[in-house]
There are 4 protein chains.
Amino acid sequence: MIIVMSGQATEAEIKHVIERVEECGFSAHVSRGVERTIIGAVGSGERREELKALLAAPGVVDVTPITHPFKLVSRQIKHDRTVVDVGGVRIGGHETVVIAGPCSVESREQLMETALAVKASGAHLLRGGAYKPRTSPYDFQGLGIEALEFLEEARRATGLPVVTEVMSTEDVEVVAEYADMLQVGARNMQNFSLLRKLARTRRPILLKRGPSATVKEWLLAAEYLLAGGNPDIVLCERGIKTFETATRNTLDLASIALAKELSHLPVIADPSHGTGVRSLIPAASRAALAIGADGLIIEVHPCPERALSDGPQSLDLAGFSGMMRTLCEPFRAMAAPKGDVKAA
Amino acid sequence: MIIVMSGQATEAEIKHVIERVEECGFSAHVSRGVERTIIGAVGSGERREELKALLAAPGVVDVTPITHPFKLVSRQIKHDRTVVDVGGVRIGGHETVVIAGPCSVESREQLMETALAVKASGAHLLRGGAYKPRTSPYDFQGLGIEALEFLEEARRATGLPVVTEVMSTEDVEVVAEYADMLQVGARNMQNFSLLRKLARTRRPILLKRGPSATVKEWLLAAEYLLAGGNPDIVLCERGIKTFETATRNTLDLASIALAKELSHLPVIADPSHGTGVRSLIPAASRAALAIGADGLIIEVHPCPERALSDGPQSLDLAGFSGMMRTLCEPFRAMAAPKGDVKAA
Amino acid sequence: MIIVMSGQATEAEIKHVIERVEECGFSAHVSRGVERTIIGAVGSGERREELKALLAAPGVVDVTPITHPFKLVSRQIKHDRTVVDVGGVRIGGHETVVIAGPCSVESREQLMETALAVKASGAHLLRGGAYKPRTSPYDFQGLGIEALEFLEEARRATGLPVVTEVMSTEDVEVVAEYADMLQVGARNMQNFSLLRKLARTRRPILLKRGPSATVKEWLLAAEYLLAGGNPDIVLCERGIKTFETATRNTLDLASIALAKELSHLPVIADPSHGTGVRSLIPAASRAALAIGADGLIIEVHPCPERALSDGPQSLDLAGFSGMMRTLCEPFRAMAAPKGDVKAA
Amino acid sequence: MIIVMSGQATEAEIKHVIERVEECGFSAHVSRGVERTIIGAVGSGERREELKALLAAPGVVDVTPITHPFKLVSRQIKHDRTVVDVGGVRIGGHETVVIAGPCSVESREQLMETALAVKASGAHLLRGGAYKPRTSPYDFQGLGIEALEFLEEARRATGLPVVTEVMSTEDVEVVAEYADMLQVGARNMQNFSLLRKLARTRRPILLKRGPSATVKEWLLAAEYLLAGGNPDIVLCERGIKTFETATRNTLDLASIALAKELSHLPVIADPSHGTGVRSLIPAASRAALAIGADGLIIEVHPCPERALSDGPQSLDLAGFSGMMRTLCEPFRAMAAPKGDVKAA
């Protein structure tokens, strides 16, 4: 932590800061200048948070951290890339993984038709919402347990492991019983109670980036899961909120490369929510893989114009099948730089 | 809902859309033009969501809603302004209400000292976090039930009703037992499970706006509470995330005037989180009242430089007392336009 | 400048950075830690820019400035507040200044009617666009010199000094001939050629904040004007671009208090562009004054629904007159904290 | 244009709007509903701007355009993709074009060394700033004409056509004399005087997207150039301003696919400014090509840590050479969907 003090700071104020730094378990290195005095707090004291509060001390003009606040998610702790096994499908390894299915499970027929089709097109995992976070209380809220049962049936029929969202601490057990991977939705990325509970399940977690979360905040949300005991975390970039309205969100593809530079966890992309525009999804998917994403999650519906949620951004069965043919492995192999990023 | 179709849309495509509109319970008014054909879906059909999905139908280029999606929060439903009673303090009435206290309850002494001081300075309600949503799992997470007990003691000592955050559905009962008003934090604004549970408590709710929530999304979050049976909702603007880094968030004061134009619910401002800069808080507080806010929530700590959370944006006891003297009633009376906005 | 180096940085890498710091005219203070080594570059060397480039040197993980990059605009250089005289009207002094008039000058009649009305309602300066920056080349682009002549006539008729926008270096002379104050529009805030030319006129400048400019970038744009020789600069906050679409921009009122804390220049608010919503303008104006703005600039049109630009955000003559009655001086006097901010 | 009126609008108000619509040269189609009345303004009247102002008319609650505001840049006007010839290099055709060189021309030696190296690595065009838009007036502002002469010399030595920025209407002639392509910087995207002047040169233009410009605003800036007579426009996405601070900007790669869907103009990416982080540039470049970009513009410096501008985001000569080897043609061929997007 670096504490920057005003050039007008008195000796007493500087002394006070030095004492506080030492009280918090760090050693203080002072560099006096005309315009500013710099105090470096060096060491591994536990009370970093208290150092930050020194911004409120007289004479202090800035407090800047010099190390990343996350630990277990960091590549500095664990250089080897993590590979997460979801019902036998490995995310973060050499193969690109595609998760596909409807936004919401609407009926047995809709799910089955979609599941069989995405399996035939080459998807590796099946998605489908049973509990839906909806902006309006009057929108379709999901079929709940009935949907979980349909998902289980679809898994048996297709062999595809199932990913589905869990919205509440109270639902964690039941969803974990049915699903192979539990998804934390973007709006729940900083629902810390939910994270703490999910840290104690045995299921792998798909952690979506919040619409206004920095990469650092996203990694710290993952840190909650790892610190709580769950090492099987896959990150998912799904677009952030910006002033641009032509797309539903702004897909921050560079964040995928950045997250993989900072962390050993696998990262996938969600171009469906990331763009919200059906025609852009195939190109955005290719770009995501080219920048190093370990996989994709794609919304597919047999008849998007009758979807109860996210119709405009859902591919139909033929559209998904067409897209999958453009994502052949050589493409990605070529994209991967020197085997480094993908060295599992 | 207005469905805009391409000038190249075929008769069959137009006919298909008309049929779907009618199937959803609306009547279709068609205006054909050279560049575009417009289909107005008029009526009170329940299946608005399905109309939106028509964006995925062939020939459709846009689907635009023409009415607001919220109902119970709207001033069109209830023109009289709502006044929320919190332990005898009325929010949304003629008087400005000030909620003050520490970000986190850190100890019995810290809370007591703060509570007595803010009471003496004129605060109407006491805030203090027992369960803290923290970006990092390594930061102070709150004292939990112990803090709730200190809060109860502080209420007895000062007579100030207590506002505190509830982070999880599982904590709702216990927090409701101790607190007079339950706060939904910004990051939980779209934690719909929590909203549904809070809709069923008897306690009034302080609903913070999410850092990337539009005013419309914020009102729809309140709609969850009202639709679920809780009419005692106070909205709180606490700043949104933008590119500006000199302040912690960008306090969107105009959203207060807008929320009061659209809704009958009271709205208060949180200039502590909204700016994150101690020196700006008094001026931002005055501006919030001038634009029509019904109250303020302010972080106060006896020694901000030792605070375990939010030190840099906390006022000390003297700072809070000084600010309160600049918020005298005549100021606000003058600010209020023609008794309209405040007509309780 | 603080240069943060990795804990793995070699002695040679550290030595190289120290040499470069000294080569740039600073002295280097080194604090070695396990995780990071901190090098403080202290002194008043001119080659700050080269220090920043050290981020590209091996072993360096961060370079952080510790002083503000602006000089002449800073309150540290000139503590007394600047008062700018525009044709006899003082901006930044004890009185609130209101600039009003149409977005575009559309005709002699439209301008005259507006000018007389805003004068009668108490405005101090007249605004009106002669050269209009329009997003589309097909929108009304302004009447040019003809409009300047109408503005001159309106000044003679009302006695109100005139503020108008200059969009191009080539127009500076002619606009300066007619106008009392030259406005730099938001989209030209970083048109550095224009700033350099305006630095050499004798006219005061109204410098609007760019829609994506930080407060720091805004002050640095003003620094171009001061450093080039023009001390008569008034800053204007007019809203920034964010994800919120219910308002045209997000009026960042806290930036006014912040700009006045950092700089001695006067700051006014533009609630017309800042909100883009007519009904919010009076309340936003009061809030701007309450937070310390030295004045307001307001769009007024005799018949907003026939305006060739910005109709939806223009007040009509009665609306402006009504608003002015709510901005009485006592209001502002009460808002001003301890005479400090306004100590001219 | 669709005009939405309140359900409470009177007959007189509706009649007034219909008359205004017809006065502006459109025909009015009215659909009356309980909650809203919709008036479609159909036709090709010129006075669209006046229709928008109807938002200010009594009873009107919304005015929504139903066609895009741009014409000449649109694929609806010209379906064939535009190919821009820059000194013999074709941008927008079947080959990926790479523009490379230093941010600023700092000296004859620096430029020559870079030019020869990027040529050897396979770049097609040389970039280099002679006039630099700098946030601070105290930063290096470019060598001006001297730099233009060095660029000409580098072109003779390498055969690479030259791209350089023009910041002011007054510099257009001189820069056009030396350069093969003129760049409009991001902060000048809406410098309409500059756009109007550049519309009349014979040189192709590289139009960068503004840091807070929507795709629509970007295309309208291009419309200024086309409408003014210059058909040789290349668009360049260079990142937008968002809340994320780990990257300098947020590279909005989906906007490239979107711009190519809406317009026939070529689009390239600037991952140097788009990320601001050297290590992310190769991966972001591959992603840009995968999403359909026609080329790249990359900052390269012989010694980034001594660069007078943008050092941290500049590749060194070896870094650029290494990256170029990962951008082989087959990669892009595979990325291109069905020959459609690239059908020149």
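A residue is counted as buried if 20 or more other C-beta atoms lie within 10 Å of its own. This cut-off is applied below to a predicted model.

Helix α7 of chain B covers residues 215-227. The helix is mostly covered, with 10 of its 13 residues buried. The buried set begins with B:Val215. B:Trp218, B:Leu219, B:Leu220, B:Ala221 and B:Ala222 also belong to it. B:Glu223, B:Tyr224, B:Leu225 and B:Leu226 complete the list. These buried residues pack against four elements of chain B. Two are helices, α6 (192-198) and α8 (254-262). The others are the strands β11 (205-208) and β12 (233-237).

The length of α7(B) was also checked. At 1.5 Å a residue, its 13 residues should span 18 Å. The C-alpha atoms at its ends are 18 Å apart, so the two values agree. After α7(B) comes B:Gly229, which has a positive phi, near 115°.

Positive phi also occurs outside glycine. Most residues other than glycine have a negative phi. B:Asp310 departs from this pattern, with a positive phi of about 60°. B:Asp310 sits in the loop between β14 (295-299) and α11 (317-325) of chain B. Around B:Asp310, 22 other C-beta atoms lie within 10 Å, so this residue is buried.

Chain D was examined at D:Asp310. There, phi is positive and near 60°, although the residue is not a glycine. D:Asp310 lies in the loop that runs between β14 (295-299) and α11 (317-325) of chain D. D:Asp310 counts as buried because it has 22 C-beta neighbours inside 10 Å.

How values were computed. Residues are numbered from 1 along each chain as its sequence is written. Chains are lettered from A and ligands numbered from 1 in the order in which they are written. This is a predicted model: local features need pLDDT of at least 70, side-chain atom pairs count only at pLDDT 80 or more; totals for chains, interfaces and linings use all residues. The expected span of a helix is 1.5 Å times one less than its number of residues. A residue is buried if 20 or more other C-beta atoms lie within 10 Å of its own, exposed if 12 or fewer, and partly exposed in between; C-beta atoms are placed from the backbone. Two residues are in contact if their C-beta atoms, placed from the backbone, lie within 7 Å.
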